[in-house]
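Subject: Structure handover

Hi,

Here is the structure I promised to pass on. Have a look at it first, and my notes follow underneath.

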Amino acid sequence: MMVMLTAGASEAQTAPPRPTFISSSGPQDCRTLGEWSPLLRAWILRSAPPEPMPASTTYCFEPARVAGIVSEAGAAFSHLQESDTADSVIRWVAPESLGPMGGARSSSLWLYPILLKDNIETADMPTTAGSLALVDNAPGRDAPLVTRLRRGGAVILGKTNLSEWANIRSNNSISGWSAVGGQTLNPYDPARTPCGSSSGSAVAVAIGLAPAAIGTETDGSITCPASVNGVVGFKPTVGLVSRTHIVPISHSQDTAGPIATTVEDAARVLTVIAGSDPLDPATAEADARKTDYARALDAGSLRGARIGVLRFLLAGYSEETRAVFERSLQVMRDAGAVIVDITEPPADWRNLGTWELQVLMSELKVDLNAYLASTDPAQVKTRTLADLIAFNTAEPRETVLFGQELFLRAEATMGLEDPVYVNARASSLRAAGPEGIDKIMADNTVVALIAPTTSRAWTNDREDEDNMRGSASRLAAVAGYPHLTVPMGLDRGMPVGLSVMAGKWEDAKVLSLGYAFEQLTHARRAPETR
């Protein structure tokens, strides 16, 4: 991209020559600052010399090199500025400055618009986790993954609504609802769930507000909303992406990851946000393990690959989703993959959920207390989980739809030295990892595991019988292993995704296999816009 600053005609004889950033003999589109889109104005103000420029100064771009990304980013930014958040997708729009931007013009994310889930801190917007207790939480710091995005040239457009406290306050929480943002709606059918907790991030990408967003997952919170909203979602290996300055649930299972319209875009974003962070010990190996995930994509990677099908999960899915999945398996066979049926679950499969919940409850109390202690006490009066429980009890807007029984259960835990917690964590990690995914893959000599992510989106009406059916998230979530969902078709007109999982640090392989499937099927169908 070339940007050239020139004096306007009326000042051509008196104004000093304006600098040229990159010379070019190609065609140029020259406009005054006010004539460019908001996104380009922000970029120009950041790139121009510090001295004031005359109003008639023109700023020239090479249209052939930037037309696509400028059009997409400019439209998304304008849409965000004009949106009244009636659908409760966007909670905060970045200020006019868009925050600091860095990176080189050659960066893969240069001028790339991205939205963030509203539990990820930025220096220029509040971070609420959907709770009224954090509505003034603005400590003025960027999470390390945000710093990486900015340095990579990405434009942070704003923040998206989420399931309050990432769906960890209550067993009866409603996906996509928060006291701050209201109810996020599924764009394919507003009566059905957008799933959670990264619902706003997935819906925003699905309806074209941005080509990518960042979500977070503890168990299913990226992959489920991506699946039911017809987009790509990737939960990386825990420890590949920093969790610092992200409102936590569990240091054992939490991770941030990209939600995007394509696997390639998800891989591009992951390449930028992956890396070690001295404040997050889990990421110690990230710099050594990361790669250029977009370059590693191979449309032919299914050829000759032995893929394990988690048959023991399939009875829980809808008939329509199972039919879509079987057609997807045939696509893989036709591409040269060897499909291996796995009918027996891991030995401790039935105990895994109980152990996982104990881990999440114990770590929630410790990790959330540590996060709250790091905030500004003038902005956040609730300094502990116990304070949050008291706040919710006194604030009817928080408990109008459901309670906080999980918060109460977490508050009753006894810390990370408690033998009950220690046993639960060791048992769950062993059952999901070494004796789960690792053993299944080794015993069946497969390079990845697949299943439907979940069935079609269910309704939010607790009185009907249309409930969640099937989930592939638990094994990868508890083990901390990579999990990708890619659109594979429709279940009664609602999107359903294909899940691809593998072992720790095998993120590139998982993405490449999903990319190969995506290139063969192009199954995504965008929702009709109203």
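To start with something you can check by eye: are helices α6 and α14 roughly parallel or roughly antiparallel to each other? Keep in mind that this is a predicted model. Helix α6 (residues 263–273) and helix α14 (residues 507–521) pack with their axes 9 Å apart, at an angle of about 155°. Angles over 145 degrees count as roughly antiparallel, and therefore α6 and α14 are roughly antiparallel. On the α6 side the contact is made by V263, E264, A267 and L270, and on the α14 side by L511, G514, Y515 and E518.

Next, strand β9. This strand covers residues 212–217, and 6 of its 6 residues are buried. In a regular strand the side chains alternate between the two faces of the sheet. Here A212, I214 and T216 point one way, while A213, G215 and E217 point the other way. Both sets are buried, E217 included.

β9 has partners that run in opposite senses. Strand β5 (residues 113–117) runs parallel to β9 and is joined to it by 3 bridges, with L116 of β5 bridged to I214 of β9. Strand β11 (residues 255–260) pairs with β9 in the antiparallel sense, over 6 bridges. There, T216 of β9 has A256 of β11 as its bridge partner.

Then there is helix α4 (residues 199–206). How many of its residues are buried? The count is 8 of 8, so the helix is largely enclosed by the rest of the structure. The buried residues are S199, G200, S201, A202, V203, A204, V205 and A206. They pack against β4 (90–93), β5, β6, β9, α5 (223–228) and β11, so if you have just been looking at β9 and its two partners, you will meet those strands again here. Just after α4, G208 takes a positive phi of about 85°.

N229 is worth a click while you are in that area. You will find it in the loop between α5 and β10 (232–235), and N229 counts as buried because its relative accessible area is 0%. Its side chain reaches the backbone oxygen of P225 at 2.8 Å. Leaving aside neighbours within four places in sequence, N229 touches A202, V203 and A206, which belong to α4. Other contacts of N229 include N186, P187, Y188, P194 and P495.

T127 is another buried loop residue, between β5 and α3 (144–151), and counts as buried because its relative accessibility is 0%. The T127 side chain makes a polar contact of 2.6 Å with the side chain of K159. Beyond the neighbours within four places in sequence, T127 is in contact with residues including D118, N119, I120, E121 and T122, as well as L134, N137, V247 and Y371.

Now the charged pairs. The structure holds 23 salt bridges, and I picked out a few.

R169 and E398 form one of them, with the closest N and O atoms 3.0 Å apart. This pair links distant parts of the chain, 229 residues apart: R169 is in the loop between β6 (155–160) and β7 (177–178), and E398 is in the loop between α10 (385–394) and α11 (405–411). Is R169 buried or exposed? At 1% relative accessibility, R169 counts as buried. E398 is buried too, with a relative accessible area of 0%.

E320 and R492 form another, with the closest N and O atoms 2.8 Å apart. Here E320 sits in helix α8 (residues 319–334) and R492 in the loop between β15 (483–491) and β16 (494–501), 172 residues apart. At 25% relative accessibility E320 counts as partly exposed, whereas R492 counts as exposed at 61%.

R456 and D491 also form a salt bridge, with the closest N and O atoms 2.8 Å apart. R456 lies in the loop between β14 (448–452) and α13 (474–479) and D491 lies in strand β15, so the pair ties together parts that are 35 residues apart in sequence. Both R456 and D491 are buried.

Which residues do these last pairs bring into a network of salt bridges? They are E320, R456, D491 and R492.

Cheers

Technical notes: Residues are numbered from 1 along each chain as its sequence is written. This is a predicted model: local features need pLDDT of at least 70, side-chain atom pairs count only at pLDDT 80 or more; totals for chains, interfaces and linings use all residues. Side-chain values use heavy atoms; hydrogens and water are left out. Buried means under 20% relative accessible area, exposed over 50%, partly exposed in between (1.4 Å probe, protein chains only). Helices (H or I, at least four residues) and strands (E, at least two) are DSSP runs, numbered from the N terminus. Two strands pair if DSSP finds at least two bridges between them. A polar contact is a pair of N or O atoms within 3.5 Å; within protein, one must be able to donate a hydrogen and the other to accept it, and residues adjacent in sequence count only if both atoms are side-chain atoms. Contact means heavy atoms within 4.5 Å. A salt bridge is a side-chain nitrogen of Lys or Arg within 4 Å of a carboxyl oxygen of Asp or Glu. Axes are lines fitted to C-alpha atoms, for helices over the stretch in contact, and angles run from 0 to 180 degrees between N-to-C directions. Angles under 35 degrees count as roughly parallel, over 145 as roughly antiparallel, 65 to 115 as roughly perpendicular and the rest as oblique.
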